[in-house]
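I opened my notebook today to look up a few things in a protein model. Come along and read over my shoulder.

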Amino acid sequence: MKHLGKAARWASTLAAVALLCAGSVAQAKTTLKVWTIPWSDDGRAAFQGMISDYTAKHPDVDVKWETRGIDEHKTALRVAMQSGQGPDLYYMWGGLGLGGEFAIAGASAPLDQAYAKYKWDDRFSTPALSDSKRYPGGRHGVPFVIHGEGLYYNKALFAKAGIAQPPKSYDELVADAEKLKAAHIPAIVFGGSVNWHLMRLMDEILEAKCGAAKHDELTSMKASWATEPCATASFVELKKWADNYMLKPFMGLADDQAQGLFYAGRTAMALEGDWFVGMIKSHTDISNFGLFLFPTGTQRLYFFSEYFYVSSKSPNKEAAEDFLNFITSPEEQQKYLGKFSSISVVKTVDYKSDSVDLDKQWRQIFADSKDTYANGDQAFPLDVTTEYWRIINQVASDAMQPADAAKGMQTFIANRKH
């Protein structure tokens, strides 16, 4: 009996140790905090599916996903950068002016080792990888979405104005805008209350009036905006569009309000990205609309990327990298194809199942593209972007003359602290 009592005591002790170990395992479960923008309904459902797919295979990881509006997301990240209480992973656009803000400030962890470990350079397309190499101090971010931007048009309104086919040059585009104006149809709509919406028009005009090399010199701040004639000419063109061809009043409109007016047939064109295909489909008959690239004459694609970045303060960097490797795997990208954009960042996905003509057109555009140029807010540092927006808005609202706009840009660039 004494022997049995001792055995029972040992069994009880072992059971207690097992419970303690189990408790330690439970407490060791990794929590990954992920912050993104809201995305579309399809995008939100797809990302939740990716999270579920990952946690099903990694039960030791708990993914906590938070979304905020675009401006709120940027603000929250800036606050988190100061406090050190932010996410393990965050979603942000590429380029020096957006993702670069956080990389340069030390909020993003370099991922050179992860790129080598997971062979990401072999997985992702060349355009998708371009922004990962733009930052000082190593590779930053993992591509999740790439976007091209172009002009969507209402076929019936073009026909009403006597426009038989999309323009092939910038001069033809302006001539078509005049035809629309003569038919009492606003050529295009923008939401002026969000700075980046109208910026798209200025970016495209700069490419058309300056050409690729000079445009790049201006956005890299190697050429003088004040003395470069094409810079002033571009602001002149912006004012022409604002005065003559845009649906007014536009400065009080948000981007979603402007988009709604386009769906409703109140304006002939909208300058949007490949994501707009799904947005049109969710509001009206997609067959009523066509697509063409803004005819700049340079053959470059107006392009931007969206990345996931690992926070430099994350205690779970390896788990964060593993999660990124999973959601950008060919299997996950194939499973959720078309939910975030028309084209995947992964080279090996199969598009045969997709039947939307505009999505097919976007894929051909990407396939034919030999070079790209970025949105102004990705090409510029943040402070220059803010001034660029201010000047664009001033010119479009008739509060600043084009010649003064070009000089103002250069004055700001010359006086900024590096």
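My entries below go through open and enclosed spaces, then helix pairs, then two spots in the backbone.

**Entry 1: before I start**

I remind myself that this is a predicted model.

**Entry 2: the largest pocket**

I began with a simple query: how much space lies in the largest pocket? I noted about 1,400 Å³. Next I looked up the lining of this pocket and found 49 residues. Nearest the pocket's centre I wrote down W39, S40, W275, M279 and F340.

Which helix gives the most to the lining of the largest pocket? My note says helix α13, residues 276-283, with six residues. I also sorted the pocket lining by class: 20 residues are nonpolar, 16 are charged and 13 are polar.

**Entry 3: the largest cavity**

I then searched the whole structure for cavities of 30 Å³ or more, and one turned up. I put down about 110 Å³ of space for the largest cavity. Which residues line this cavity? I listed M50, F144, V145, Q333, Y336, L337, G338, F340, S341, I343 and S344. Sorting the cavity lining by class gave me seven nonpolar residues, four polar ones and no charged ones.

F340 made me flip back a page: I have F340 in the lining of the cavity, and I had also written F340 among the residues nearest the centre of the largest pocket.

**Entry 4: α2 with α14**

M50 from the cavity list led me to helix α2, where M50 is one of the residues that meet α14. Helix α2 covers residues 41-57 and helix α14 covers residues 317-327. I found that their axes come within 10 Å and cross at roughly 120°. Why do I call α2 and α14 oblique to each other? Angles of 65 to 115 degrees count as roughly perpendicular and those over 145 as roughly antiparallel, and a crossing at roughly 120° fits neither, so the pair is oblique. The crossing of these two helices is right-handed.

From α2, I noted F47, M50, I51, D53, Y54 and K57 at the contact, and from α14, A319, D322, F323, F326 and I327. I sorted the residues of this contact into eight nonpolar, three charged and no polar.

**Entry 5: α10 with α11**

How far apart are the axes of helix α10 (residues 195-219) and helix α11 (residues 229-244)? I wrote 9 Å, with a packing angle of about 160°. The two helices are therefore roughly antiparallel. I marked the crossing of α10 with α11 as right-handed.

On the α10 side, the contact is made by L198, L201, M202, I205, L206, K209, C210, K214 and L218. On the α11 side, I listed C230, A231, A233, S234, F235, E237, L238 and W241. The classes in this contact are 13 nonpolar, three charged and one polar.

**Entry 6: α18 with α19**

My next pair was helix α18 (residues 382-396) and helix α19 (residues 402-415), which pack at about 165° with axes 10 Å apart. So I entered α18 and α19 as roughly antiparallel. Their crossing is right-handed.

Which residues meet here? In α18 I found D383, V384, E387, Y388, I391 and V395, and in α19 A405, G408, M409, F412 and I413. This contact divides into eight nonpolar residues, two charged and one polar.

**Entry 7: two backbone spots**

Where does a cis peptide bond sit? I found one joining K248 and P249, with omega at about -10°. P249 lies in the loop between α11 and α12.

My last lookup was H184, which is not a glycine and yet has a positive phi of about 60°. I placed H184 in the loop between α9 and α10.

Conventions. Residues are numbered from 1 along each chain as its sequence is written. This is a predicted model: local features need pLDDT of at least 70, side-chain atom pairs count only at pLDDT 80 or more; totals for chains, interfaces and linings use all residues. Side-chain values use heavy atoms; hydrogens and water are left out. On a 1 Å grid over the protein atoms alone, a cavity is a set of points where a 1.4 Å probe fits but cannot get out, and a pocket is an open set with protein on both sides within 12 Å along at least five of seven lines; lining residues have an atom within 4 Å of a point. Grid points are joined across faces, edges and corners, and a volume is the space filled by probe spheres set on the points. Helices (H or I, at least four residues) and strands (E, at least two) are DSSP runs, numbered from the N terminus. Ala, Val, Leu, Ile, Met, Phe, Trp, Tyr, Cys and Pro count as nonpolar, Asp, Glu, Lys and Arg as charged, and the others, Gly among them, as polar. Axes are lines fitted to C-alpha atoms, for helices over the stretch in contact, and angles run from 0 to 180 degrees between N-to-C directions. Angles under 35 degrees count as roughly parallel, over 145 as roughly antiparallel, 65 to 115 as roughly perpendicular and the rest as oblique. A crossing is left-handed if the near helix is turned anticlockwise from the far one by less than a right angle, and right-handed if clockwise. Contact means heavy atoms within 4.5 Å.
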